[in-house]
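Biologist: Please take one part of this model and examine it closely. I should like a connected account of how its strands and helices are arranged.

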Amino acid sequence: MPKGLDWHSSRCGSGMPANPSLIENPNIRLGFVPLSDCAPMAVAKEMGIFRKHHLKVRLSRELGWATVRDKIFYGDLDGAQCISGIAFSLAMGAGNVRRKVAVPMVLNLHGNAITLSMDLDPVLIGTGEGLLSYLTHSWKKDRPFTMAAPHRFSSHHILLNTWLQRQGITSPDLVEIIFLPPPLMPRHLKAGHIDGYCVGEPWNSASILTGEAWCPAVSADISHGHPEKVLLLDGGFTDSRREDAVALTAALLEACKLCDEPDFRSEMIQILARKEYTGAPVEVLANSMGQPFNSGGGTKNMTPFHLFHGPQVNPPTLDKASWTLAGLRSLGLVPKGTSAILSEIYRNDLYEEAIAAGAPA
């Protein structure tokens, strides 16, 4: 494991869900997971964008998406950079955990990849077309071929299943999917506990640049234009502090625009490398941006690997919500007939207010 990739845990909340109207706290408590696409949060904090919008924001680094979900539910966070599936999980009460939430903007598109152990020969596997034959005729381990994703309700779980199905791998006898926090995946791969994973950067590059893994496909290859992280806000926060919710959306739109500027890329990587954000080495983060991208099986120009800003990126449209919802349905995680809830979660009204207030569209 490259130096600097250790994670430091955060406290998980407990008790009954807090009532935001009873909390006297001028700060906005925002969670994030140490990933390259937490960049808008980190940049807004370090470049004074939150302060410019008269916001006091306290960022809280979390281990994974289960912790983010729990802290939103228990009222320990007002919002978070989050996988969009958590919004549906909370709004629908999956696992008896229900909370009103809002998504006022999408933070980015793309940015994920499939990573496989070097035990699986890139020449034999290719971009995935040789995987079924390999597992059928050459698999020697005394356990199933095991892949990891960050969360059951994640885009990564959707993308991984889509990629496996395209290779003709549909039988649970051939593959087992487990769920791990993103920062833990490289060490589990190195230890031989898993054979690969689908995760956001820089955790693909962390294994690739040590020579332990390679990448047969990035998420843009699997579903071009797919929505990735969203700004997820607690419903009580948006109800009681609507002006702050709009100002926060405007600030993050400004940060997203800065993240997409080529001249700012180097400074953004330096910010992300700080231990309070990803703690990943600069060279790993640079590779994670895909300009170019060392896949472990060759170098590819993945411009743009991450899309942070633009009219096709940030609006919380029903099309983006539907991509996630359809993927969760395909996995059997949400029932059919739930489309009516989309406009209650994806709040274009908050986004339009932020644009009207001067945020960059």
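Modeller: In this predicted model, a suitable place to begin is Val106, whose bridge partner in strand 11 is Val230. Strand 4 and strand 11 (residues 229-234) are joined by four bridges and run antiparallel. In general, the strands of a sheet pair through backbone hydrogen bonds, in either a parallel or an antiparallel manner.

These two strands belong to an open sheet of five strands, ordered 2-1-3-11-4, with mixed pairing. Strand 2 (57-61) and strand 4 (101-106) occupy the edges; each has a single partner strand, and therefore one side of each has no neighbour in the sheet. Direction ignored, neighbouring strands of this sheet are turned against each other by 30° on average.

Helix 3 lies across strand 2, strand 3 (79-83), strand 4 and strand 11, and runs at about 140° to strand 3. Helix 3 (residues 65-73) also packs against helix 4 (residues 84-92), at an angle of about 40° and with the axes 11 Å apart. Because of that angle, helix 3 is oblique to helix 4. The crossing in which helix 3 passes helix 4 is right-handed. On the side of helix 3, the contact involves Trp65, Arg69, Ile72 and Phe73, which meet Ile86, Ser89 and Leu90 of helix 4. By class, the residues of this contact comprise five nonpolar, one polar and one charged.

Parallel pairing is found between strand 7 (residues 145-149) and strand 8 (residues 175-179), which are joined by five bridges. Within this pair, Ala148 stands opposite Ile178 of strand 8. From strand 7 the chain passes through helix 7 (residues 155-166) to strand 8, in a β-α-β crossover that is right-handed.

A further helix pair completes the account. The axes of helix 12 (residues 242-259) and helix 17 (residues 348-356) come within 8 Å and cross at roughly 70°. Helix 12 is therefore roughly perpendicular to helix 17. Helix 12 passes helix 17 in a right-handed crossing. Helix 12 contributes Arg242, Val246, Thr249, Ala250 and Leu253 to the contact, while helix 17 contributes Asp349, Leu350, Tyr351, Glu353, Ala354 and Ile355. The contact of helix 12 with helix 17 contains seven nonpolar, one polar and three charged residues.

Note on methods:
Residues numbered from 1 in each chain as written. Predicted model: local features only at pLDDT ≥ 70, side-chain atom pairs only at ≥ 80, totals over all residues. Heavy atoms only, no water. Axes fitted to C-alpha atoms, helices over the stretch in contact; angles between N-to-C directions. Parallel < 35°, antiparallel > 145°, perpendicular 65-115°, else oblique. Left-handed = near helix turned anticlockwise from the far one by under 90°. Contact = heavy atoms within 4.5 Å. Nonpolar A, V, L, I, M, F, W, Y, C, P; charged D, E, K, R; others polar. Pairing = 2+ DSSP bridges. Right-handed = clockwise from strand over helix to strand, strands pointing away.
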